[in-house]
Amino acid sequence: MMIQVAPIAPIGVSIPSQNRNKLQPWRTRKNGDNLPVFVSKKPGRFGNCRCQKTDRLNDIIGKEINGAVDMVAAEMNANNVLVDRIVADQAERKPRAGTNEKESQIEKEAWSLLRSAVVNYCGSPIGTIAANDPTDPSMLNYDQVFIRDFIPSGVAFLLKGEHDIVRDFILHTLQLQSWEKTMDCHSPGQGLMPASFKVRTVPRDGDDDATEDILDPDFGEAAIGRVAPVDSGLWWIILLRAYGKFTGDLSVQERTDVQTGIKMILKLCLADGFDMFPTLLVTDGSCMIDRRMGIHGHPLEIQALFYSALRCAREMLTPEDGSADLIRAMNNRLIALSFHIREYYWVDMKKLNEIYRYKTEEYSYDAVNKFNIYPDQISTWLVEWMPDRGGYFIGNLQPAHMDFRFFSLGNLWSIVCNLATEEQSDAVLDLIEAKWNDLVADMPLKICYPALEGQEWQIITGSDPKNTYSSFPYYQNIYENYIGKKMAKAVDSLHYYQNIYENCIGKKMAKSVDSFHFFCVLT
């Protein structure tokens with residue numbers, strides 16, 4: 001039985017006939033629009049490998065920042081995106097003395113472990129599984145290829161010169177983008193990328209003696225907590241840009257189906273809603289570790305990825321009549337978003353003193369305390385912890401609420417993608433250096449500080465046993481850490497790279513250890 005799966009092009013996007021060879025099989029819709037439709041010989045949401053071969057700026061940001069617009073726009077025109085920096089560094093990098101450009105033993109072992117995680121689809125590598133614990137018979141979904149987990153793997157393969165696996169990953173995950181996904185009779189908007197997918201081998205229709213590979217995506221309908229991934233599409237755009245810059249092969253990003261995929265993600269992220277802020281509003285568990293961490297609202301990590309993805313997409317979109325409005329919307333959003341994060345998410349000793357003097361219940365257009373933040377929100381730990389030199393971006397900002405926890409990924413990615421100013425970037429690094437024992441200690445690197453305790457932990461995490469004070473997640477580094485101590489003492493063997501749970505000062509080993517994650521190999 002032949003079925004139709006949701007088209008990959010949004011309504012109103014026409015695709016010339018001469019470019020149809022770049023897409024999957026066609027079928028004409030009843031309304032006459034020629035839109036690409038995937039065809040599968042098997043009902044359901046599985047894919048068959050044979051068919052998958054592959055200027056209202058002031059209204060947005062307010063009159064108060066008109067003077068900052070030119071400065072931010074000039075910075076964006078510099079085109080200093082993450083991948084540009086990496087490519088330049090790679091071109092100028094010289095081999096270390098005595099290494100003779102040969103891999104060390106630990107590097108060989110790391111690459112061996114990473115390649116053992118590679119998943120093949122139709123005879124070609126397509127990604128790496130999230131984890132592999134040979135002692136655990138129940139792997140849950142760790143044996144799947146996660147979009148976010150493959151990003152460091154993809155960068156490693158690009159640096160190694162193994163580009164095909166990254167290209168195939170980009171194109172095959174794009175094909176999964178528009179598949180029908182439903183939970184309790186509801187379907188999310190077009191453009192959503194899956195959180196993960198699994199390659200399954202099944203009997204071929206009509207021939208029980210033959211088998212074929214199919215892709216089984218998960219958009220959150222089977223995930224723990226049933227939360228759709230917000231970060232997958234943003235990571236996909238960033239990796240696509242990295243692939244083009246590393247390889248010089250721009251034919252992938254110029255493909256009609258890839259251009260359509262980029263636009264669908266952007267339209268989903270830029271869609272109008274009830275929010276008054278330029279930041280993305282997301283639910284808890286929609287990124288990072290897929291469990292409640294109290295990040296519902298406008299978490300820093302998502303905003304940094306959003307900013308980076310917008311900049312990458314702006315570089316890759318081909319100029320055409322249909323892209324003009326989208327590019328204009330991206331430029332407006334970039335200016336508004338960068339100002340919002342730099343101005344309202346930033347804290348240091350000077351800003352804390354300002355918050356202490358905030359007046360509350362201000363009703364005016366020129367209010368200083370725009371989010372009605374009560375000074376009592378500043379915890380004692382923050383006053384004692386904040387160094388005189390340094391600062392960071394808070395984890396979240398909502399009306400009458402500032403999440404003062406330090407989130408490593410959001411702060412570091414803000415530096416990488418130039419969301420942070422040069423002064424702010426230096427201040428974040430100064431803070432990490434000053435608070436090394438708290439943020440790094442003997443086992444780099446905490447994703448969040450401080451850990452939640454007591455009633456606060458019960459309310460925010462839902463009494464999650466994997467988010468307790470004595471079992472907080474840190475990512476183990478297989479190399480010697482920065483202070484020269486061997487990581488081998490922290491685990492039974494360097495053959496396994498575990499997601500270690502430890503307390504906030506990095507000295508007490510926790511009772512539980514999660515599966516053996518392969519992204520730890522890449523650190």
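This passage describes helix packing, backbone geometry and cysteines in a predicted model.

Helix H10 takes part in two of the helix contacts described here. Helix H10 spans residues 300-316, and helix H11 spans residues 324-344. Their axes come within 10 Å and cross at roughly 150°. Angles over 145 degrees count as roughly antiparallel, so H10 and H11 are roughly antiparallel to each other. The crossing is left-handed. On the H10 side, the contact involves Leu300, Gln303, Phe306, Tyr307, Leu310, Arg311, Ala313 and Arg314. These meet Met330, Asn331, Arg333, Leu334, Leu337, Ser338, Ile341 and Arg342 in H11. The contact of H10 with H11 comprises nine nonpolar, three polar and four charged residues.

Helix H9, residues 256-270, also packs against H10. Here the axes come within 11 Å, and the crossing angle is roughly 140°. H9 and H10 are therefore oblique to each other, as this angle falls outside the range over 145 degrees that counts as roughly antiparallel. H9 passes H10 in a left-handed crossing. From H9, the residues in contact are Gln259, Ile262, Leu266, Cys269 and Leu270. Their partners in H10 are Phe306, Leu310, Ala313 and Met316. This contact of H9 with H10 has eight nonpolar residues, one polar residue and no charged ones. Phe306, Leu310 and Ala313 of H10 appear in the contact with H9 and also in the contact with H11.

Some backbone features lie in loops. Most residues other than glycine have a negative phi, and most peptide bonds are trans. Cys122 is not a glycine, yet its phi is positive, at about 55°. Cys122 sits in the loop between strand E4 (118-121) and strand E5 (124-128). Asn372 likewise has a positive phi of about 55° without being a glycine. The loop holding Asn372 runs between helix H12 (349-356) and helix H13 (380-385). A cis peptide bond links Tyr449 to Pro450, with omega about 0°. Pro450 belongs to the loop between strand E12 (448-449) and helix H17 (454-461).

Cysteines were examined for disulfides and for exposure. A disulfide is a covalent bond between the sulfur atoms of two cysteines. With a cut-off of 2.5 Å between cysteine sulfur atoms, the count is zero disulfides. Cys287 has a relative accessible area of 2% and is buried, because buried means under 20%. Cys122, the loop residue with positive phi, has a relative accessibility of 21% and counts as partly exposed.

Technical notes
Residues numbered from 1 in each chain as written. Predicted model: local features only at pLDDT ≥ 70, side-chain atom pairs only at ≥ 80, totals over all residues. Heavy atoms only, no water. Buried < 20%, exposed > 50% of the residue type's maximum accessible area, 1.4 Å probe, protein only. Axes fitted to C-alpha atoms, helices over the stretch in contact; angles between N-to-C directions. Helix = DSSP H or I, 4+ residues; strand = E, 2+ residues; numbered from the N terminus. Parallel < 35°, antiparallel > 145°, perpendicular 65-115°, else oblique. Left-handed = near helix turned anticlockwise from the far one by under 90°. Contact = heavy atoms within 4.5 Å. Nonpolar A, V, L, I, M, F, W, Y, C, P; charged D, E, K, R; others polar.
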